[in-house]
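User: I should be grateful for a close look at one part of this protein, namely any enclosed space inside it. Please continue from there to the side-chain links and the strand pairing, in one connected account.

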Amino acid sequence: TTIARLVALGLLISACSADGIFPPDQDRLSVGTWGGVNAGVLVSDSVAHVHVGCTNGNFVGPVALDGEGRFTATGSYILRAYPIAIGPSLPAQFSGIVQANKLHLTVTVNDTVEDKVVVLGPVTVTFAQDPRMGPCPICSNMPKD
């Protein structure tokens, strides 16, 4: 029984960190909620929905991670999303790196309306934690496929 308890304790410690549970996937961006201060990423099997402050956007998944946990993806982004969304949706590139249970993410938006590039981040979000958005809400549901 002592050995069984030590094995169970070891499994518990390896599955958790001081900041939460590690994402289950090592080769792709894990499905679930990633939360941080004024940032959140809601990942489903087919799309990721990103909030940075009062802005939001999407990119198609699943997203493969390279051997160092990095990814880039193209998608769309709305820079003026709160209190009402004022479009259009703009082309964007999402780049990030997953390290343990943290995702460090930068969004680069091609603002074709004002003819400039807008860089949001980098922001850090933690797997299995709720976003803390301050005055700007985050979508409460996972993105639709």
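Analyst: A cavity is understood here as a set of grid points where a 1.4 Å probe fits but from which the probe cannot get out. The model under examination is a predicted one, and every value below is computed from it.

By that definition, how many cavities of 30 Å³ or more does the structure hold? The structure holds one. The volume of the largest cavity is about 30 Å³. Its lining includes Leu 29, together with Val 43, Ser 44 and Ala 48. Phe 59, Val 60, Gly 61, Pro 62 and Val 63 also line this cavity. In character, the lining divides into seven nonpolar residues and two polar ones, with no charged residue. Since Gly counts as polar, Gly 61 belongs to the lining's polar part, as does Ser 44.

The covalent link comes next. The structure holds one disulfide, formed by Cys 54 and Cys 136, with the sulfur atoms 1.5 Å apart. This pair connects distant parts of the chain, the two cysteines being 82 residues apart. Cys 54 sits in the loop between strand E5 (47–52) and strand E6 (55–60), while Cys 136 is in the segment after strand E10 (116–127). Is each partner buried or exposed? Cys 136 is buried, because its relative accessible area is 7% and the limit for buried is under 20%. Cys 54, at 29%, is partly exposed.

The search of the whole structure finds five salt bridges. One of them joins Arg 28 to Asp 25, with 3.6 Å between the closest N and O atoms. Arg 28 is partly exposed, at 25% relative accessibility.

Arg 80 takes part in two of the contacts described here. With Asp 111, Arg 80 forms a salt bridge whose closest N and O atoms are 3.0 Å apart. This pair also links distant parts of the chain: Asp 111 is in strand E9 (residues 102–111) and Arg 80 in the loop between strand E7 (70–78) and strand E8 (90–99), 31 residues apart. Asp 111 counts as buried at 1% relative accessibility, whereas Arg 80, at 25%, counts as partly exposed. Glu 114 also meets Arg 80 in a salt bridge, at 3.2 Å from N to O. Glu 114 is in the loop between E9 and E10 and Arg 80 in the loop between E7 and E8, so this contact ties together parts 34 residues apart in sequence. Glu 114 itself is partly exposed, with a relative accessible area of 45%. Lys 116 joins these three residues, so that Arg 80, Asp 111, Glu 114 and Lys 116 are linked in a network of salt bridges.

The strands named around this network can now be considered. E7 and E8 are antiparallel and pair over eight bridges; within this pairing, Ser 76 has Pro 91 in E8 as its bridge partner. E8 and E9 also run antiparallel, joined by eight bridges, and here the partner of Phe 94 is Val 107 in E9. E8 and E9 form a hairpin with two residues between them. Ala 100, in the turn of that hairpin, has a positive phi of about 60 degrees. As a general point, side chains in a regular strand alternate between the two faces of the sheet.

Key. Residues numbered from 1 in each chain as written. Predicted model: local features only at pLDDT ≥ 70, side-chain atom pairs only at ≥ 80, totals over all residues. Heavy atoms only, no water. 1 Å grid on protein atoms, 1.4 Å probe; cavity = no way out; pocket = protein on both sides within 12 Å on 5 of 7 lines; lining within 4 Å. Points joined across faces, edges and corners; volume = space filled by probe spheres on them. Disulfide = S-S within 2.5 Å. Helix = DSSP H or I, 4+ residues; strand = E, 2+ residues; numbered from the N terminus. Buried < 20%, exposed > 50% of the residue type's maximum accessible area, 1.4 Å probe, protein only. Salt bridge = Lys/Arg side-chain N within 4 Å of Asp/Glu carboxyl O. Pairing = 2+ DSSP bridges.
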